[in-house]
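Reader: I should like to learn how to read the contacts within and between chains in a model of this kind. Could we proceed feature by feature?

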Amino acid sequence: MKLEINPYTFIGIVGIAYILMNDGVCLPGTTGQITQVVYVYEKDSNPVPRPVAGALMAINADKESGIEATEFEEDTVDGDGDVPEQYEAALKGARESGLPALVVLDADGRIIRVVSSPTTEEQVMEAID
Amino acid sequence: MDKRDSTNLVIPDRSLIDVEYDSNTGYPSHLAARDTPENLEMMGARDFPDSLWIDPKDWKDAARDNDKYKLWAEDIRNRFTMQAPTHECTSHALAQCFEGAWNQQRKGKGDPVCVSQISIYAEANPGQWGGAGCQQVLGIALRRGFLPEPIWGQEDKFWHTLHGTAGKGNDNNSSGRWTAVRNFPEGWQETAMLLRPLEVINPRSIEQMVCLLLHGRLIGVGRSGHSIPYNKVAWEGGGSDPMKGLHAPYPDSYNVIRYDSTRMMRSAVGGSYCIWSTTTPDDWDDPGELL
């Protein structure tokens, strides 16, 4: 059987590929653009490495990045004594990986990737690249 | 190398070092006597964790890293406060320590929270004049939290606010009349619970204080009748002795950066505290839980 691709089908395939490559649209089972990066740690085991902290500061200083970069000490709670909602997914992901961990998430709190025990600026920047 | 980094401190005016006030700023000796490491421990403060120890021989390298990455608490300080002529110094120092820990968790000074000093001091000293203890104001904040100030749009982010100080204040520190706790806005406790210190560390030596400063936190201290927040360390002069030339800069609650020498820092250890973490909102963009 001869496979025929008309111009409309071709444009559609290229368009979907472009969207997926740029994290522009979430389809079921995929993740969206990076909006949050969190270094989750337990200070009795280790503080935040300075290069990692510096990278998080630099990400926040770049207002055009659209990414919120923070640290989260695992015992931190909100005013009600609960894990802050904005960190629930990151904390779960980090605990599954083992602390400390850098967790990268999209706007819906879906984990894009987890980097175990990062120590350098490059590891943070590569994680959001 | 930048000659003005933290290992090459230049203090422009020697009168800024080891400042002691003739007038009462709010930390009299009879209240200072109650500020001990033992009393802070009873309030729930924890001992210095071994994981945060930095060998003194590595202090200057850590300081240079902090310069490079802008990790000092001073780098993410949003404002001065201005207490004159009140006796609110302990609450002004406490507010700086809280705001610094908030920003350090946030990893930056964008969208900060500014807390009201009088929201604590009014309970610590209902008589307004005479001051308060460092641990007394810290204990109030741990138990029920601060109110935010009505500046920088915070009145639109929280249900309740209260001006910062009954003193002069400044462009970034709102001023108003003395306000007793009974005159706080109705229901204020709900908002204050959102702005509490969580984990407090109890430094027992000048070395532990330096380590905590190198980790980007502030140290609240009271010494020589005045309470201040150390937010950095820096060395005036070179040399391999990490104690030589060491100074702790601080944003004094009189719109000015001043410096304590190691002599004064040692005298301040007993009543010192470090707020490591604070309550954290479910959404940084909605710290008052309005949505």
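**Aromatic pairs and the interface**

Author: A search of the whole structure, which is a predicted model, finds 10 aromatic pairs over all chains.

Reader: How is the geometry of such a pair to be read, for instance that of B:Phe184 and B:Trp188?

Author: One considers the distance between ring centres and the angle between planes, where an angle over 60 degrees counts as edge-to-face. The planes of B:Phe184 and B:Trp188 stand at 80 degrees, with the ring centres 5.1 Å apart, so this pair is edge-to-face.

Reader: Are these two residues buried or exposed?

Author: Buried means under 20% relative accessible area. B:Phe184 has 5% relative accessibility and therefore counts as buried; B:Trp188, at 9%, also counts as buried.

Reader: Which residues do ring pairs link into a cluster?

Author: The cluster consists of B:Phe98, B:Trp102, B:Phe146 and B:Trp284.

Reader: B:Trp284 is also listed among the contacts of B:Arg106. Where is B:Arg106 found?

Author: B:Arg106 belongs to helix 4 of chain B, residues 89–106. Its relative accessible area is 7%, so B:Arg106 is buried. Leaving aside neighbours within four places in sequence, B:Arg106 is in contact with B:Asp111 and B:Trp284 in chain B, and with A:Asn60, A:Glu68, A:Ala69 and A:Thr70 in chain A. With A:Glu68 there is a polar contact between side chains, at 3.5 Å.

Reader: How should one express the size of the interface between the chains?

Author: The size of an interface is often given as the accessible area lost when the parts come together. Between chain A and chain B the buried area is about 2500 Å², and carbon and sulfur atoms give 52% of it. Of the area that chain A buries against chain B, 30% is supplied by A:Lys43, A:Arg50 and A:Met57, more than any other three residues. Counted by residues, 28 of chain A are in contact with 36 of chain B.

Reader: How many salt bridges and polar contacts are counted between chain A and chain B?

Author: There are 5 salt bridges between the two chains. One salt bridge joins the side chains of A:Asp44 and B:Arg46, at 2.7 Å from N to O. The residue pairs in polar contact between chain A and chain B, both at pLDDT 80 or more, number 21.

Reader: Which element of chain A gives the largest share of the side that touches chain B?

Author: Helix 2 of chain A does, with 7 residues. By class, this side of chain A comprises 11 nonpolar, 8 polar and 9 charged residues.

How values were computed
Residues numbered from 1 in each chain as written. Chains lettered and ligands numbered in written order. Predicted model: local features only at pLDDT ≥ 70, side-chain atom pairs only at ≥ 80, totals over all residues. Heavy atoms only, no water. Contact = heavy atoms within 4.5 Å. Buried area = accessible area lost by both parts, 1.4 Å probe. Salt bridge = Lys/Arg side-chain N within 4 Å of Asp/Glu carboxyl O. Polar contact = N/O pair within 3.5 Å; in protein donor to acceptor, adjacent residues only side chain to side chain. Helix = DSSP H or I, 4+ residues; strand = E, 2+ residues; numbered from the N terminus. Nonpolar A, V, L, I, M, F, W, Y, C, P; charged D, E, K, R; others polar. Phe/Tyr/Trp six-rings, centres within 6.5 Å; stacked < 30°, edge-to-face > 60°. Buried < 20%, exposed > 50% of the residue type's maximum accessible area, 1.4 Å probe, protein only.
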